Amino acid sequence: MSITELARPEIRALKPYSSARLEASGGTVLLNANENPWDSLGGGVNRYPDPQPPELIERLSFLYGVSPKHILATRGSDEAIDLLVRAFCIAYQDAIIECPPCFGMYRIAAGIQAAKVIPVPLDPDNHFSLDLPGIIEQADRAKIVFLTSPNNPTGNIYGGDEVTALCERLKGRALVVVDEAYIEFSKSQSMARCVGEVENLAVLRTLSKAYGLAGVRCGVLIGSESLVGLLRAIIPPYPLPTPTVTAALEALTDSGLKTAAQQVATIRDLRAYLAKGLQKQAGILNVIEGEANFVLARVDDVPGLIAATQRKGILIRDVSHYPGLTGYVRVSVGTREEIDALLAITKELAAQELIE
Ligand SMILES: *Cc1c(COP(=O)(O)O)cnc(C)c1O
């Protein structure tokens with residue numbers, strides 16, 4: 001069975017909008033798309049972009065080691081999350097499963113589509129591991145299971161075998177989406193290589209984190225050919241702006257990839273440096289280094305730390321309201337100087353407490 005049989009019937013029946021770019025390609029005199037003929041800014045921005053530029057898809061396919069037919073480029077992975085929920089969940093009827101504490105966009109996308117959210121919490125007492133029996137038990141009520149690996153904000157990764165076993169159990173019942181926004185910072189392999197064999201698996205990747213292109217907005221869904229086809233029917237006609245495509249192609253040249261790999265290695269080193277630096281401080285009770293580009297720290301006084309860092313213009317993320325994360329803050333890995341500035345504050349706070 002194709003996973004798209006689980007999609008909303010009206011989406012499966014939809015005939016996608018046929019844009020001028022899709023109906024005819026090539027040509028040197030373009031009088032078919034009501035564009036302005038003068039490229040005043042340069043870079044070809046007077047023309048509508050290719051909906052899925054072949055050069056970019058080719059490059060992403062090389063980067064992720066999957067065939068181009070498994071790739072859909074999107075406006076950040078946020079857009080892919082939204083497309084998935086809208087394609088599969090019937091409003092007021094279907095549900096998604098998320099495993100909190102996790103990334104917040106699955107819940108938002110579900111809310112927009114009036115889909116229910118079934119939370120199957122991670123186990124905070126066991127390194128935030130997945131509750132697989134819990135997920136399987138709820139899966140009949142859900143169309144999509146969202147897993148974040150490495151997880152945001154806890155930084156842990158789920159085992160590939162664990163995920164493929166879950167896909168096997170949910171075959172014909174639900175789509176498993178593994179959001180790998182931070183996988184480049186981890187020691188583990190991406191699940192992307194399994195997409196060809198596991199029909200109900202989709203993987204989300206992004207250029208926002210490891211490739212330093214958060215402002216460019218380019219994400220990638222890797223899924224079965226039928227899933228990619230289904231989502232292409234509902235993605236807006238020109239999802240990737242020309243400047244985005246240009247910037248992404250530049251970041252993905254051989255030299256661009258080399259720079260990114262060096263930065264990822266540096267970020268991993270700095271992550272260890274940050275985790276170690278925090279660990280030594282009196283007001284910090286626990287540090288989870290994780291496998292992403294941030295660390296998680298449990299502190300004795302969250303509002304105090306947030307206020308003190310803010311006074312120095314340093315922003316960290318209060319995640320203490322997330323289930324299972326009472327007392328925790330999340331700190332992104334910055335430059336060595338930025339980390340030192342933060343550590344100076346935590347040190348100062350600890351010293352003040354001793355005096356009080
Ligand atoms: C940052 C983040 C994203 C967002 O990626 P974009 O490609 O920038 O939309 C997706 N998933 C998780 C878990 C993230 O932390």
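How do the residues of the shell around the ligand divide into nonpolar, polar and charged? Keep that question in mind as you open this predicted model, and start the tour at the ligand.

**Stop 1: the ligand and its shell**

Select the ligand and display what lies around it. You should find 13 residues surrounding it, and the closest are Asp179, Tyr182, Thr206, Ser208 and Lys209. Colour the shell by residue class and the opening question is answered: 3 residues are nonpolar, 6 are polar and 4 are charged.

Next, show the side chains of Asn152, Lys209 and Arg217. From Arg217, a polar side-chain atom lies 2.8 Å from a ligand oxygen. Asn152 places a side-chain N or O atom 2.9 Å from an oxygen atom of the ligand, and for Lys209 the distance from a polar side-chain atom to a ligand oxygen is 3.3 Å. Switch on a surface here: the ligand taken alone exposes 390 Å², and the protein buries 93% of that.

Before moving on, highlight helix H4, residues 76-88. This helix gives the shell its largest share, 3 residues.

**Stop 2: the sheet of seven strands**

Stay with H4 and bring up the strands it lies across: E1, E2 (95-98), E4 (142-148), E5 (175-179), E6 and E7. The helix runs at about 160° to E4. Now show the whole sheet, which is open, has 7 strands in the order E1-E7-E6-E5-E4-E2-E3, and has mixed pairing. Strands E1 (71-74) and E3 (116-119) each have a single partner strand, so they stand at the edges with one side left without a neighbour in the sheet. Turn the view to follow the twist, which averages 25° from one strand to the next.

Zoom in on the E1 edge. E1 and E7 (residues 219-222) run antiparallel and are joined by 4 bridges; to see one pair, select Ala73 and its bridge partner in E7, Val220. Then add helix H3, residues 54-64, which packs on the sheet and touches E1, E6 (201-206) and E7. The direction of H3 makes about 115° with that of E1.

**Stop 3: the sheet of four strands**

Move along the chain to another open sheet, this one of 4 strands in the order E8-E9-E11-E10 with antiparallel pairing. Its edges are E8 (284-288) and E10 (317-318); each has a single partner strand, so one side of each lacks a neighbour in the sheet. E8 is joined to E9 (residues 294-299) by 4 bridges, and the two run antiparallel. Pick Ile288 and you will see Leu296 of E9 standing opposite.

Two helices are worth adding here. H10 (residues 254-279) lies across E8, E9 and E11 (328-332), at about 10° to E9. H11 (residues 302-311) lies across E9, E10 and E11, at about 30° to E11.

**Stop 4: unusual backbone**

Most residues other than glycine have a negative phi, and most peptide bonds are trans. With that in mind, which residue has a positive phi although it is not a glycine? Select Phe128, where phi is about 55°; you will find Phe128 in the loop between E3 and helix H6 (132-138).

Now for the peptide bonds. Pro100 and Pro101 are joined by a cis bond with omega of about 0°, and Pro101 sits in the loop between E2 and helix H5 (105-112). A cis bond also links Asn152 to Pro153, with omega near 20°. Pro153 belongs to the loop between E4 and helix H7 (160-170).

That last bond brings you back to where the tour began: Asn152 is the residue with a side-chain N or O atom 2.9 Å from a ligand oxygen.

Note on methods. Residues are numbered from 1 along each chain as its sequence is written. This is a predicted model: local features need pLDDT of at least 70, side-chain atom pairs count only at pLDDT 80 or more; totals for chains, interfaces and linings use all residues. Side-chain values use heavy atoms; hydrogens and water are left out. A residue is near a molecule or strand if one of its heavy atoms lies within 4 Å of it. A polar contact is a pair of N or O atoms within 3.5 Å; within protein, one must be able to donate a hydrogen and the other to accept it, and residues adjacent in sequence count only if both atoms are side-chain atoms. Accessible areas come from the Shrake-Rupley method with a 1.4 Å probe; for residues, only the protein chains shown count as cover. Ala, Val, Leu, Ile, Met, Phe, Trp, Tyr, Cys and Pro count as nonpolar, Asp, Glu, Lys and Arg as charged, and the others, Gly among them, as polar. Two strands pair if DSSP finds at least two bridges between them. Contact means heavy atoms within 4.5 Å. Axes are lines fitted to C-alpha atoms, for helices over the stretch in contact, and angles run from 0 to 180 degrees between N-to-C directions.
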